[in-house]
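Here's a quick briefing on a structure you have in front of you. Have a look at it first, then go through the points below by topic.

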Amino acid sequence: MRIRTQLVLMTVAVLAPVLLASSFAIEKIRGDAREASLRGLRETVRATALTVDRDVQGSLSALKTLGNSENLNDRDFEKFYKQAAALDQKPDVWTLLFDQTGAELVNTQLPSGSPARPPSAAAQVKQVIASQKPLVTDLFMEPLSGKHVTMIYVPAVAAGGKSFVVAQAFSVDHWRKAALNVDLPPAWIVAVFDRDGKFISRSHRRDEFLGKLARPELVAAAAASPDGLIRHSTHEGIESYDAFMHSSLTGWAIAVAAPVALVEEAAANAVYLSLLGVGFALLTAIAAVVLFGRRFIAAIDSARAAAAALGRGESPRPSRTPVAELRELNGALVNAGALLQAERSSRLAAESERERLLQNETLARETAQAQNQAKDQFLALLGHELRNPLAAISGATALLETAGPDKERTDRYLGIINRQSKHLTHIVDDLLDVSRLMAGKIMLERRPFDLAECVAHCAEALRTTDRAQGYVIDIRSAPVWVNADRARVEQIVNNLVTNALKFSPAGGRIVVAVAEESGAAVVSVRDAGTGIQSDLLHRVFEPFFQGPAPGNRLQSGMGIGLALVRQLVELHGGQVRALSDGLGQGSTFSFWLPDLAAAPVPQAEPARQAENPTAASRVPAGRKIVYVEDNVDARATLAELLRMLDYDVTEVTDGASTLSAVRAVQPDLVLMDIGLPDMDGYEVARGLRADPLTCTIPLIALTGYGQVRDKEAAALAGFNAHLVKPVDPDELVATIEGVLGRKDEAAD
């Protein structure tokens with residue numbers, strides 16, 4: 001017997017019990033599908049009954065509230081009318097008031113003040129007053145409106161509980177909207193009928209069957225049991241499953257009928273899908289027998305051919321087969337014929353790997369040496385860059401001590417200290433920015449602005465510095481509006497122009513151009529200086545890398561300016577590029593910003609105001625400030641500066657003392673460092689904001705952290721403003737007065 005025949009017999013033996021079990025499963029699926037449909041029918045009935053009970057319960061609660069009205073005690077029916085009308089759901093639900101005789105005193109369907117109508121509900125009123133229990137009626141014709149309605153009567157507790165009965169009338173339109181407004185298949189019928197079996201509402205042919213009796217078998221079944229399911233023919237003559245349930249508050253019955261054909265159709269569809277699945281499984285099994293039989297026979301033929309080749313002394317060809325045992329056999333035959341070749345290949349591979357490892361080790365050693373040399377050079381340059389301004393500051397400070405009353409010398413030495421302090425700040429900011437960029441912690445504050453105006457402003461600021469003395473900075477630009485972080489763009493332009501000045505000969509010309517190209521803004525900085533070797537162009541934007549110093553100068557800078565440029569440009573989604581024709585040929589640095597913005601519509605320029613005085617000159621005398629700072633020197637200098645500006649300053653050294661100091665002084669403003677020794681400034685600010693005595697006092701954060709998230713954290717803690725150290729005195733005073741000015745405006 002061949003392998004293919006054995007596979008077929010095995011398949012038949014496996015599938016026979018599967019088919020038998022499937023027949024039982026399909027019958028079970030048919031029953032489950034039918035039961036699921038009927039269960040949905042029952043759930044629909046239950047939901048509809050709950051809807052009816054909800055409306056009835058709401059009416060009972062409203063009527064009981066009306067029954068407690070003081071207006072009934074006072075017999076003020078005019079006010080009672082307004083109170084009752086507020087509960088109506090016009091035009092389908094309205095409210096009535098009856099006296100103990102059944103006379104109608106109030107009917108919100110009529111205008112207020114209408115004369116009382118003769119007794120129309122004497123029997124119901126008598127029953128309700130006697131039992132002191134609510135009464136829900138069956139369907140009847142209301143004489144005033146001529147509508148079929150149902151009524152709910154509730155005894156009034158006011159006026160002794162025996163004088164009045166409040167009631168609400170519900171038209172059949174209300175029950176149609178409330179009970180029949182459900183999303184059901186079109187062939188399903190929903191109906192509500194009263195205790196006598198009369199239809200209150202019906203989803204199909206509702207006007208025709210309104211007030212008529214439901215099918216006798218349904219009425220009988222509903223009378224015999226609070227809920228259930230029957231199979232019968234509807235008034236339309238459709239054989240249906242009809243689920244019913246009584247409303248617990250009204251005694252009415254709610255029924256939902258689904259055609260038997262639809263229910264059975266769902267079960268038949270489930271059976272059909274099951275049969276389709278079984279048939280598909282059978283066909284798949286047959287196809288698998290054919291496919292796997294062919295693969296199995298092909299695998300055996302391949303193993304036989306490999307054995308024959310090995311017998312002839314040849315190297316067997318490998319063969320892929322899904323049969324694990326035959327795959328192992330073929331692999332063993334191939335391995336037996338290829339041992340010698342494998343050994344030779346292994347030896348060659350080992351020699352190649354050894355050569356590769358040697359090259360990698362040499363490259364790693366050279367890279368480590370270069371990095372170590374770059375680190376040493378960077379540390380040396382950093383020391384040089386820091387010592388220069390520190391030496392200038394130290395020398396100016398020593399000269400100040402001997403300057404005496406000579407104001408000209410004092411101003412000159414103070415100018416030296418100020419310039420060198422700004423230089424130190426610039427060095428620290430660049431180092432911090434590189435670190436933040438590498439850590440992904442810089443956030444951009446994008447706003448539309450004119451790039452040409454921004455570049456012109458940067459160039460004008462640089463022209464006033466010592467570094468640019470004797471150089472020509474030529475601006476060639478056209479207005480280009482971009483959506484970017486202006487402060488960062490100014491930083492990019494400053495670094496590029498400063499780099500050009502550094503490598504240009506004295507009296508050289510720096511050309512800065514701004515234009516729009518291919519939907520992007522481009523800025524280029526061109527110099528005629530020392531240029532860049534072609535093999536170094538790809539490295540100029542690496543951190544701490546520096547090209548050869550100009551021939552007539554010592555090396556300066558730390559190699560982080562251009563690295564910062566590239567990362568800031570890329571953070572904006574742009575690109576930066578360096579070009580040079582070689583040494584002595586100058587260089588051009590360009591960057592592109594892709595996010596263009598629309599220029600604002602020009603508006604009439606307001607009349608130019610008189611020059612504003614400095615912020616310090618606008619300080620009102622006697623303002624009280626609590627200044628919190630743990631650094632002794634920083635606190636002493638800034639506090640003395642504020643006192644010179646006519647502020648009354650109270651110094652505090654830690655967070656715990658701040659709370660009591662602010663309560664005692666009740667200052668106009670608190671200026672606070674964030675990094676305090678015992679508790680951070682955010683915690684202190686939250687404590688001040690939580691205290692009723694200090695919660696309205698303005699707070700300004702003074703810190704060395706200037707990221708967007710630091711400003712957001714300060715705002716969340718309750719600070720009114722955030723300043724970064726070292727702060728310009730005019731900026732500090734302007735911020736203080738701006739915060740206090742906003743406080744004064746709010747007080748007005």
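**Salt bridges and their surroundings**

Glu353 is partly exposed, with a relative accessible area of 34% (buried means under 20%, exposed over 50%, and partly exposed in between, using a 1.4 Å probe and protein chains only). Keep in mind that this is a predicted model, where local features need pLDDT of at least 70 and side-chain atom pairs count only at pLDDT 80 or more, while totals for chains, interfaces and linings use all residues. Residues are numbered from 1 along each chain as its sequence is written, and side-chain values use heavy atoms, with hydrogens and water left out.

**Charged pairs**

- Searching the whole structure turns up 25 salt bridges (a side-chain nitrogen of Lys or Arg within 4 Å of a carboxyl oxygen of Asp or Glu).
- Glu353 pairs up with Arg356 in one such salt bridge, at 2.4 Å from N to O. The two sit three residues apart in helix α9 (residues 324-403), so about one helical turn separates them. Helices here are DSSP runs of H or I with at least four residues, strands are runs of E with at least two, and both are numbered from the N terminus.
- Arg356 is partly exposed too, at 40% relative accessibility.
- Arg195 forms a salt bridge with Asp138, and their closest N and O atoms are 3.3 Å apart. Arg195 belongs to the loop between β7 (189-193) and β8 (199-202) and Asp138 to the loop between β3 (135-136) and β4 (140-141), so the pair ties together parts that are 57 residues apart in sequence.
- The burial of that pair is split: Asp138 is buried at 14% relative accessible area, whereas Arg195 is partly exposed at 43%.
- Glu651 and Arg635 also meet through their side chains in a salt bridge, 3.1 Å from N to O. This one links distant parts of the chain, with Glu651 in strand β20 (residues 647-652) and Arg635 in helix α14 (residues 632-644), 16 residues apart.
- Glu651 is partly exposed at 34% relative accessibility, while Arg635 is buried at 11%.
- Arg202, Arg205, Glu208 and Glu236 are joined into one network by salt bridges that share partners.

**Helix α14**

- α14 has 13 residues and reaches 18 Å from its first C-alpha to its last, close to the 18 Å expected at 1.5 Å a residue; the expected span is 1.5 Å times one less than the number of residues.
- Its buried residues are Arg635, Leu638, Ala639 and Leu642. They cover an arc of only 105° around the axis, so they sit on the same side of α14; the arc is that of the directions from the helix axis to the C-beta atoms.
- Asp633, Thr637 and Met644 are the exposed residues on the face of α14 turned away from its buried side.
- At the N-terminal end, Asn631 caps α14, with a side-chain oxygen 3.2 Å from the backbone nitrogen of Asp633.
- Just after α14, Asp646 takes a positive phi of about 75°.

**Arg623 in β19**

- Arg623 is in strand β19 (residues 623-628) and is buried, with a relative accessible area of 15%.
- Leaving aside residues up to four places away in sequence, Arg623 touches Asp646, Tyr647, Asp648, Asp668, Glu737, Leu740 and Asp744; contact means heavy atoms within 4.5 Å.

**Strands β9, β10 and β11**

- Six of the eight residues of strand β10 (residues 239-246) are buried, so β10 is largely enclosed by the rest of the structure.
- Strand β9 (residues 227-233) runs antiparallel to β10, with seven bridges joining them; two strands pair if DSSP finds at least two bridges between them.
- Across that pairing, Arg231 stands opposite Tyr241 in β10.
- The hairpin of β9 and β10 has five residues between the strands, and Gly237 in the turn has a positive phi of about 80°.
- β10 is also joined by seven bridges to strand β11 (residues 253-259), again antiparallel, and here Ser240 stands opposite Pro259 in β11.
- Six residues lie between the strands in the hairpin of β10 and β11, where Gly251 takes a positive phi near 85°.

Conventions
Polar contact = N/O pair within 3.5 Å; in protein donor to acceptor, adjacent residues only side chain to side chain.
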